[in-house]
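Work through the exercises below with the coordinates open. Try each task before reading its solution.

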Amino acid sequence: MSCKHYKNSPQKYYKIISFATFVGLLYACSTTKKVPDGEYLLTKNNFEFEDKKEFFDEELKDYVQQKPNKKQILFMPLGLMFYNMANPKYDTILNEYMTYPREMRDQKLRDSLFIKYNMKNSVGKNLFFDRLLHTWGSPPVILDQTRSEKGAESIKKRLTYRGFWDAEVKYRHDLDSASKKAAVNYFIKHNDPTYIKDYFFNIPDQGIKQIYNTHLNKTLVRSGKILDQTVLEKEVTRITDLMREYGYYKFNNLNEEVYFVADSLKSKKQVPLTLEIHKDSLDRPYKKATFGNIDVAIVDDVNDYPKNTVKDSLRRIRFHKMNDKYRTSSLWRTIIVDSKQTYDQQKLDVTKRNLLTMNNFSIVKARDSLRQGGFTAPNDSIVDVLYILKPLPKYELKVGTDLNYSQILNLGVSPSVDLTTRNLFKGAENLSTSLSGTFGSIASTENTDKRVLAYEISAQASLNFPRLLLPFNYYKFIPKRYTPTSSILLGASIQNNIGLGRVNFNTGLNYQATVNDLVYHKLTLFNTQISLTKNKNAYYDYFVNDEVVRRAIFDDYSAHYPTEPSLDDKIKAGILTLDSASELIINDPGYRASLNEEGLDRLTTFRGSLINKERQTEDVFISSMIYNFVYNEIGKKDYPNAFYFNGKVELAGNILSLFNKKSNDGGVVTAPQKTIFGIPYAQFVKFDIDTRKYFKFNGNQTLVLRQFIGVGIPYGNSKDMPIIKSYFNGGSNDIRAWVAFGGLGPAASQVDERIRAYMTNDVKLTTNIEYRIPFNNMYEGALFTDIGNTWSLRNHNDAHQDQFRLNKFLGQMGIGSGFGLRINVAYITLRLDFAYKIFDPNKPEGDRWRFKTLQPFKPTINFAFGYPF
């Protein structure tokens with residue numbers, strides 16, 4: 001900061017410095033306000049490792065007995081500060097007051113406590129502010145030196161559990177009597193670990209032994225590895241799941257049948273380890289179980305089964321129904337378990353998933369148990385299964401309203417009405433219909449001082465089937481356990497006063513299959529979209545920056561031919577149209593030859609605006625087939641460092657090209673195109689890849705890496721990708737330093753940013769890095785960097801240099817960084833991100849790094865719901 005800048009803005013910086021000083025003094029003075037004399041506020045636990053660190057050392061922090069007050073905003077203990085702001089004379093009363101149930105906390109209770117603690121002068125006081133601070137706050141953590149010793153013992157026990165039997169843990173207190181603060185230092189020395197010398201297993205049951213041997217290559221326990229109890233626990237879980245998958249019902253149900261024995265008599269550094277698998281000392285043999293009776297009841301009340309139901313059977317599954325509202329065949333498709341088949345826990349889990357996916361029932365009871373008399377053969381190996389289902393309401397109506405913000409519409413309201421009609425054709429088919437709208441106002445194109453109504457209304461209908469709509473039996477190659485479903489979509493939307501206004505129609509047939517909890521497939525057999533622009537002739541009314549460019553080039557061209565009528569006069573006389581006048585300019589070699597460098601730049605900008613105009617106003621017919629594959633570990637407890645992959649391929653226009661030869665006249669910069677129903681159809685192939693990797697640190701902090709690669713290849717009837725299928729930059733889930741259509745890209749083009757803002761392209765690369773730091777259960781901070789841009793696959797000649805080049809694309813990536821705040825309220829995450837442009841490839845050489853022009857108090861602000869990725 002220069003002195004000159006400070007002198008020009010003394011008031012602004014005075015406020016900032018004063019606020020920072022106030023916060024600093026508040027923090028310094030308030031934290032020990034309620035710490036009794038002779039006591040110490042615990043401010044930090046320090047961990048010093050006297051030898052090499054191990055990968056699990058971060059978890060040792062959880063084993064100390066006392067932890068300091070949690071720190072939130074500005075790395076300060078906000079909860080402690082709130083607690084200290086409450087009047088200290090009420091602490092005792094409020095502590096006792098909060099022990100009562102919520103319904104008893106009233107003025108009468110407060111008054112009784114005032115009398116109890118001889119504070120009669122306070123009777124009748126509400127104490128609202130003090131109660132609020134007391135509720136939000138947390139009392140100071142007072143150092144208990146005896147608990148430090150227990151903490152050191154707990155850390156040593158955990159190290160032993162991890163295989164470091166000779167670990168040493170010491171501690172020391174750093175006490176500051178003047179500030180009444182203390183820190184505890186833990187000194188940890190791992191020493192050499194204990195290793196598994198030899199690995200044996202004792203499995204008397206030959207069936208269990210054979211299965212274990214077959215999968216021995218997947219064991220987590222091996223000779224030469226550290227004797228880590230957490231690894232042994234995971235191996236027990238693996239073995240248990242494996243045996244249940246092979247038919248051993250309730251295997252290790254009490255967690256007493258699989259365990260390890262370590263022989264440490266001879267050595268504590270090289271220990272033989274034996275796996276034991278058996279039921280008890282008698283070594284009773286295990287028996288594989290089979291599914292017996294499979295009963296599925298559909299009732300209005302759990303007491304209606306079995307007395308008020310009628311039994312029906314299909315392929316070894318017994319159905320009990322009160323009426324014929326649901327066809328038996330539609331229910332059979334969801335049941336994976338089958339009578340007389342070997343017991344498999346996964347089949348029970350998938351059956352539950354299938355039933356819930358139908359969105360027709362709530363599962364009142366799901367029971368699997370040995371047949372009555374199950375302690376004697378053969379009932380001790382027959383598992384009967386019962387599902388009691390209660391139909392959900394036939395109709396479900398949801399009404400909602402959202403608030404949203406966009407560059408064009410500003411603040412808008414979006415009401416919606418959704419109606420679900422279940423079991424439409426007695427086969428658990430659901431019809432979902434929705435009517436939604438977005439309403440707001442925009443500046444009038446005729447008078448910018450006035451605002452006019454703008455809206456978008458859409459209607460969608462989706463008919464969902466709990467099966468694949470195919471004319472043949474598909475269960476041999478797509479089994480029921482994949483939860484195959486189908487859906488038919490039909491929708492339409494209309495815009496008014498939003499941009500040029502569009503009418504859109506869409507329809508499609510989708511097939512979905514969920515292989516397991518991680519893998520999902522979706523095939524859209526046909527996806528048809530029709531997009532029609534209503535107000536093509538009003539383009540320059542809405543895109544006023546393009547109008548400035550057009551006005552300048554038209555005036556300059558008319559001045560170049562002073563003896564002829566101006567272009568505007570020719571347009572008024574009907575001799576030319578706007579498009580034909582534009583075509584005349586860009587195809588006039590004499591005019592181009594007369595231009596200086598500034599004039600050529602203006603002509604280049606004009607040609608770029610014409611490309612924007614034709615892509616923004618185009619009518620397009622898209623008929624495509626889409627395949628989508630998703631692999632998702634997010635939210636799965638067995639994958640703390642989750643990985644996510646979403647790949648999509650879309651192929652459009654080939655079938656239409658076989659039956660159509662008629663062409664239109666083309667545009668100013670686009671060649672004539674073949675049409676269907678008078679609408680040009682698109683031909684392209686498009687690939688989207690979205691990968692994410694999550695790394696957990698320090699218990700609950702997360703580093704997220706995301707890479708998006710998108711490539712659209714137009715061919716045949718398309719020179720460019722349709723605008724609704726193209727890529728753009730910016731926005732709250734993309735490169736956050738630029739708003740959506742905010743002027744980043746394409747490539748390093750130097751076209752006027754006003755024109756460049758609405759350019760879309762064929763290739764997109766985006767890399768996101770975000771580090772998330774939870775403050776508490778409600779608040780979370782984030783630091784992030786976003787990198788990326790868009791390119792074209794073809795050269796637009798003199799319009800703009802945006803073609804993708806392998807030797808140039810890295811230097812054409814825009815870079816933005818910033819920080820954010822997330823607020824978790826119920827099931828909703830509110831997100832606020834503040835981002836800054838670090839590298840702008842569309843600036844002139846030498847001016848692309850933006851550090852010199854960075855304005856800390858003028859970030860790009862993104863408000864959104866949910867995480868960006």
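Four exercises follow, each with a worked solution.

This is a predicted model, in which local features need pLDDT of at least 70 and side-chain atom pairs count only at pLDDT 80 or more, while totals for chains, interfaces and linings use all residues. Residues are numbered from 1 along each chain as its sequence is written, and side-chain values use heavy atoms, with hydrogens and water left out.

**Exercise 1. Lay out the sheet that contains β4, β5 and β6.**

Solution.
- Step 1: set the terms. Strands (E, at least two residues) and helices (H or I, at least four) are DSSP runs, numbered from the N terminus. Two strands pair if DSSP finds at least two bridges between them.
- Step 2: pair the strands. β4 (residues 195-202) and β6 (residues 270-277) run parallel, joined by six bridges. F200 stands opposite T274 in β6. β5 (residues 258-262) runs antiparallel to β6, with five bridges. Here V258 stands opposite I277, and F260 has L275 as its bridge partner.
- Step 3: read the order. The sheet is open, has three strands in the order β4-β6-β5, and its pairing is mixed. β4 and β5 are the edge strands, each pairing on one side only. On average, neighbouring strands are turned by 25° against each other, direction ignored.
- Step 4: add the helices. Contact means heavy atoms within 4.5 Å. Axes are lines fitted to C-alpha atoms, for helices over the stretch in contact, and angles run from 0 to 180 degrees between N-to-C directions. Helix α8 (residues 206-214) packs on the sheet and touches β4 and β6; its direction makes about 140° with that of β4. Helix α9 (residues 229-245) also packs on the sheet, touching β5 and β6, and its direction makes about 145° with that of β5.

**Exercise 2. Which residues of helix α15 are buried, and what covers them?**

Solution.
- Step 1: apply the cut-offs. Buried means under 20% relative accessible area, exposed over 50%, partly exposed in between (1.4 Å probe, protein chains only).
- Step 2: list the residues. In α15 (residues 578-586), A581, S582, I585 and I586 are buried. Seen down the axis of α15, they fall within an arc of 130°, so they line one face of the helix. The arc is that of the directions from the helix axis to the C-beta atoms.
- Step 3: find the cover. It includes α13 (544-560), α14 (567-572), α16 (589-593) and α17 (597-617).
- Step 4: take the α17 packing. α15 and α17 pack at an angle of about 140°, with their axes 11 Å apart. That makes α15 oblique to α17. The contact is made by D579, S582, I585 and I586 of α15 and L603, F606, L610 and K613 of α17.

**Exercise 3. Trace the pairing of β25, β26 and β27.**

Solution.
- Step 1: β25 (residues 763-774) and β26 (residues 779-791) pair in the antiparallel sense over 12 bridges. L765 has N789 in β26 as its bridge partner.
- Step 2: these two strands form a hairpin, with four residues between them.
- Step 3: β26 also pairs with β27 (residues 814-825), in the antiparallel sense, over 10 bridges. L783 stands opposite F819 in β27.

**Exercise 4. Is I294 buried or exposed?**

Solution.
- Step 1: I294 lies in strand β7 (residues 290-298).
- Step 2: its relative accessible area is 0%, so I294 is buried.
- Step 3: not counting residues up to four places away in sequence, I294 touches R316, I317, R318, I335, V337, D338, S339 and V385.
- Step 4: check one separation. The C-alpha atoms of I294 and K340 are separated by 9.8 Å, and the two residues are 46 residues apart along the chain.

Note on methods. Angles under 35 degrees count as roughly parallel, over 145 as roughly antiparallel, 65 to 115 as roughly perpendicular and the rest as oblique.
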